[in-house]
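User: Hi! I am new to reading protein structures. Could you walk me through this one?

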Amino acid sequence: MRRCARLLVLLIVVLTVVRSAQPVRADEPANEELIQMVIGFLGDSDKDVRALALDQIRNKAPGETATTTFAGQMSKLSAEAQVGLLGALADRGDSAAKPTVVEVLNSAKEPELRSAAIRALGKLGSGDDCKTLITLLTGGSDADRAAARASLVQLRGGDVSSAIVGMIDGSAPDDQVALIELLTARRALETIPTLLELSVGDDPAVRAAAMTALGKLAEPEHIGPMTRGVLAAKRGRERDAAEKNVMFVCQRIDEEDRRADELLAAMQSASPGDRLALLPLLGRVGGPAALAEVGKAIASSDRSVHAQGIRAISNWPDASVAEQLIELARSDEHKDHRRTARMALIRVAPLPDGRTDAEKLALLQSAMKLADNVAERNYALRRAAAIRLVETLRFVRPYLKQPPHAEQACLSIVELAHDRKLRDDNKPEFHAALDDVLATTKDAVVIDRAKRYKRGQTWVRPK
């Protein structure tokens, strides 16, 4: 009680002094009485009193003189209090405190104090401090690196991004990746030409980081140059990721039917081999013009061209090619191609693309009839969970009685039950299905979820 009473009295005193010391103009220096009172509170052993002082530093007592006076108290405070003062000075935003921040950074041994100084430099520094922060980003401790990254994202000045670019050349690949990620976080659009060059470099991690950055920063005019990064990427995960990043840029084109235009133009000027290699990317973008080009490849008698056409249509972003996939799944002469088409059909069936949920379920059921093995049927059951209909529950539930599919069916049912409205609107059916799940599954998480949903409780998905 005494502590609370003391804090209340101090708060009243602060409010009284602030009112009496309120400057007429925003740039008018703060009243000395207020400054001295805040200084007194800074050294208090009570953290709530110190917090009161820090709030005044952040929001009251304007002027460079007040800033330097507060900063001058740094060496007189405990490490914990110094951390608080660094944060308040950073939020205050007056670069007059920067020399003190740099002094603390150069001398601090406590990790928390050092990190606070690095973070403060991001708010108070300029392009001149970029090299210091980059050195910490690439060569400091884990705590230093995290703080330096945050500061480099915030650091003001038009020369900051160019300084970061200047550090990329000659850095180790891991450091180059960190610097590229930093440019992305800063949304440094002016560095896109550099990123395009890095996307075709020798190191796969650097190439991948550059393509990821371009996927977030590039505009449709960069789609053609980005295809060089796709072609430079190693087939497999790197190539798939590179294709997706080009797709992200294509999706920024408002007219859906025109999203493939820039890519098609780039393909027309490419060599025959490169055009063929870019077909799977074209499939990811989709659209009528892309489908016409992919259709030619599928109809080709050249085995390699036909195979790339199958890969392309299997990457399609929606279910508009469902009929073509069904036909390929039924009649393509190559077993592997039929399987690819079936898996693609299962993938696109529940995608959100303007169809009703009933239409999505009907397509998924058609895909299930074409499924050729346990893995494909389990994939269809997993995709079913995205179609929030009671009819989906009725489609999945019989698979509880089929051992190869039972666990996946259990998981899909609890995924459907996660939708409270769907569950509550169809409570008898869901409760009966959840009872079946509890009698079937051996998965502890699924058991917990089923029990919670039966009790009308929620379940928080792990991050």
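User: What share of the contacts in the protein with a separation of 6 or more comes from residues 24 or more positions apart?

Analyst: Good place to begin, and keep in mind that this is a predicted model. Contacts can be sorted by how far apart the partners sit along the chain. Here, 62% of the contacts with a separation of 6 or more join residues at least 24 positions apart.

User: How many helices and strands does the protein have?

Analyst: Secondary structure is a tally of such elements. For this protein, the count is 29 helices and 0 strands.

User: How does the radius of gyration of the protein stand against that of a compact globule?

Analyst: We set the value beside a reference. With 463 residues, a compact globule would come near 23 Å, whereas this protein has 31 Å. Along the principal axes, its C-alpha atoms fill a box of roughly 85 × 60 × 40 Å.

User: Is Met-226 buried or exposed?

Analyst: Look at the relative accessible area, where under 20% means buried. Met-226 counts as buried because its value is 0%. Across the whole protein, 47% of the 463 residues are buried.

User: Where is Met-226, and which residues is it in contact with?

Analyst: Met-226 belongs to helix α14, which covers residues 223-232. Beyond neighbours within four places in sequence, its contacts include Leu-196, Met-211, Ala-218 and Val-249. You can also compare sequence with space: Glu-197 is 29 residues from Met-226 in sequence, and their C-alpha atoms are 9.5 Å apart.

Terms used
Residues numbered from 1 in each chain as written. Predicted model: local features only at pLDDT ≥ 70, side-chain atom pairs only at ≥ 80, totals over all residues. Heavy atoms only, no water. Helix = DSSP H or I, 4+ residues; strand = E, 2+ residues; numbered from the N terminus. Rg over C-alpha atoms; globule rule 2.2 N^0.38 Å. Buried < 20%, exposed > 50% of the residue type's maximum accessible area, 1.4 Å probe, protein only. Contact = heavy atoms within 4.5 Å.
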